[in-house]
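Colleague: Could you take me on a close look at one part of this model, and then show me what surrounds it in the rest of the protein? I'm happy with a long answer.

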Amino acid sequence: MKIAVEGCCHGELDKIYETIGYLEKKEGVKVELLLCCGDFQAARNEGDMKCMAIPPKYRMMQTFYKYYSGEKKAPVLTVFVGGNHEASNHLQELPYGGWVAPNIYYLGYAGVVRYKGIRIGGVSGIFKSHDYRRGHHEFPPYDPNTLRSVYHIRNIEVFKLKQIQMPIDIFMSHDWPRGIYRYGNTADLLRKKKFLRQEVESNCLGSPANEELLAHLQPSYWFSAHLHVKFAALMQHPSKANAAPRTTKFLSLDKCLPYREFLQIVDVAERAGSSEGLEYDPEWLAILKATNSLQRTTPHPWNPPENNGLHERWDFRPSEAAMMQVVKDLGGDLSIPDNFSRTLQPYDPNRPEPHAAASCNTNPQTTELCATLGLTDLYAVVGQGGVDLSRHPGGFGGDDDDDDGEGVDEPSEYPTDTSGLSSSYNPDEITIEDEWEEEEEGEEGEEGPKDPEGGCNPKSAAAGEHLSEVSAGEGHTPGRMVLPAPKSDASPTNLSLLMNLPPASHSTPAAARSSSERGECCEGDDGEEAGALRALKRTSDEGEAAGSGGPTPRIKRRNQVIYTAVEDDDD
């Protein structure tokens, strides 16, 4: 089964589906599933744009609204997790997941589903230690703090995922698991992103929560995005009990921009006799039922129950009987119902409403699922004043409730509290326009000015537009990730020693360029020989767009401390 994996979407659904369509025609294959690793930006109208942590001058409606309104339908089943640039009021309607548009499914704060027998899990948001122990208390209209805290991962979601016992095939997150860079070509990563060196050397790049989940779940694949760079790694886990050690193939991809490695196709074996559509996972639904009383919608810090003699129950792993009860609750049918419905009017290009207020609606999908399984609609509860859902008034956090929830320096449950490291690179502050400065050195020679909103160039070649201009040997579309037998878990100096990963796909191929341009833009990813087929690239002619005003302007970063060194080098 061919699965397309995409990095940061940033609302560019038209370009992504166009790219998949081109690859299908070129290779004679059929992509059955698209996985997007965050920053999906499911903005339905102008009000949703105000709920995205993006500077106002860079907010653009992009193309999701076309799929929400019914003007278009996703040509391939799409499953995604949230990142740190999202229409948060929309995604909050679906805390347990649901359809954001026909054929486009959101996994929720955390979730597991099945497709053709493949178990696909994910967690939304990014890690910030000062919000990690709080409940999901945010509600629109957001203030400058909640606009960002709303997409910070919470310990309750990690606790739920750690109750999973059955193997996970694919797991998705927006930010990386901390430490994963030690299992890939770290030197190449630092060559592409020089400013990450301090975080890599101090082991504070990425999410400690995802690091914990990686160690527990040990999925066959883990896909991420966030850092706007392609990076592959192969991690062999220590064996558990008498079981053979498992191996995780990690891949992070870029965002949808010209000349960027934002899309890759992988081959995953489907399981015989499995259903054709997207299905609920009974183990995950049983976990949701068992942990429902632990959920909180207040900003007060909370710790999950542990086996320390202070809690009546700390093990929420579901029994077989609990899973069978879930199947019974669903009437014996695990198929996720096609019950998408719009909860507000979509954007109309002919009747713009720039002053539209952010909406806050309950979603019928969530209402139906909660009624079926006895769950609580967190968004509805927050809208009613943030009632504590726990059956224990004091929660499981002991005297933590004495904290008013406003401080940001409460200790993390992790040995390394990244909140105290000003250079920790898992930033809320990574904004769409950051991409300009990160690639400033290469703008004049090969790419020309980029789109200031960080999306794909709207004037990029459409799929098939330049097919006749590219020779047969100029592009290569990967069919699958091919891996040798697992070797040592030591960090390799060259990932190709452990992992034969084909180059990522980009989009419609460009017209033939000069050899100097091609040498830089089509360089192999994993030490490919000079004669190897080059990966597909998207063309960009936006440099001559009206109003471009010449060279790309300098934009000051809000996380200036992190980038000072690299900006000095760029200058």
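How much space lies in the largest cavity?

Modeller: Happy to help, and please keep in mind that this is a predicted model. The largest cavity holds about 170 Å³ of space. It belongs to a set of nine cavities of 30 Å³ or more in the structure. Its lining is made up of 17 residues, and those nearest its centre are Tyr 106, Tyr 109, Ser 124, Val 150 and Tyr 151. By character, the lining residues divide into eight polar, six nonpolar and three charged.

Now for the setting. The protein has 571 residues, and 59% of them are buried. They are organised into 18 helices and 13 strands. If you take the contacts with a separation of 6 or more, 81% are between residues 24 or more positions apart. On the outside, the accessible surface comes to about 22400 Å², and carbon and sulfur atoms account for 49% of that.

Cys 37 gives a good example of contacts between distant stretches of sequence. This residue sits in the loop that runs from strand 2 (31–36) to helix 2 (46–49). Cys 37 counts as buried because its relative accessibility is 0%, and the cut-off for buried is under 20%. Its C-alpha is 6.2 Å from that of Met 172, although 135 residues separate the two in sequence. Setting aside residues up to four places away in sequence, Cys 37 touches Val 5, Glu 6 and Gly 7, then Val 81, then Met 172, Ser 173 and His 174, and finally Phe 223, Ser 224 and Ala 225.

One of those contacts, Glu 6, takes us to a pair of strands. Glu 6 stands opposite Leu 263, a residue of strand 12. Strand 1 (residues 2–6) and strand 12 run antiparallel and are joined by five bridges. Strand 12 covers residues 263–267 and is mostly covered itself, with four of its five residues buried.

The loop between strand 11 (247–252) and strand 12 holds Tyr 259. Its phi is positive, about 65°, although the residue is not a glycine. Tyr 259 has a relative accessibility of 12%, so it counts as buried.

His 226 also has a positive phi without being a glycine, with a value near 75°. You will find His 226 in the loop between strand 9 (221–224) and strand 10 (231–236). Its relative accessibility is 1%, and therefore it counts as buried.

Another backbone detail to look at is the peptide bond from Pro 140 to Pro 141, which is cis, with omega near 0°. Pro 141 has its place in the loop between helix 5 (129–132) and helix 6 (146–149).

To finish, here is a residue with some exposure. Glu 306 is in the loop that links helix 11 (282–290) to helix 12 (320–329). Its relative accessibility is 47%, so Glu 306 counts as partly exposed. Apart from neighbours within four places in sequence, Glu 306 is in contact with His 311 and Trp 314.

If you return to the largest cavity on your screen, start from Tyr 106, Tyr 109, Ser 124, Val 150 and Tyr 151, the lining residues nearest its centre.

Methods: Residues numbered from 1 in each chain as written. Predicted model: local features only at pLDDT ≥ 70, side-chain atom pairs only at ≥ 80, totals over all residues. Heavy atoms only, no water. 1 Å grid on protein atoms, 1.4 Å probe; cavity = no way out; pocket = protein on both sides within 12 Å on 5 of 7 lines; lining within 4 Å. Points joined across faces, edges and corners; volume = space filled by probe spheres on them. Nonpolar A, V, L, I, M, F, W, Y, C, P; charged D, E, K, R; others polar. Buried < 20%, exposed > 50% of the residue type's maximum accessible area, 1.4 Å probe, protein only. Helix = DSSP H or I, 4+ residues; strand = E, 2+ residues; numbered from the N terminus. Pairing = 2+ DSSP bridges. Contact = heavy atoms within 4.5 Å. Areas by Shrake-Rupley, 256 points an atom, 1.4 Å probe, with all protein chains shown as cover.
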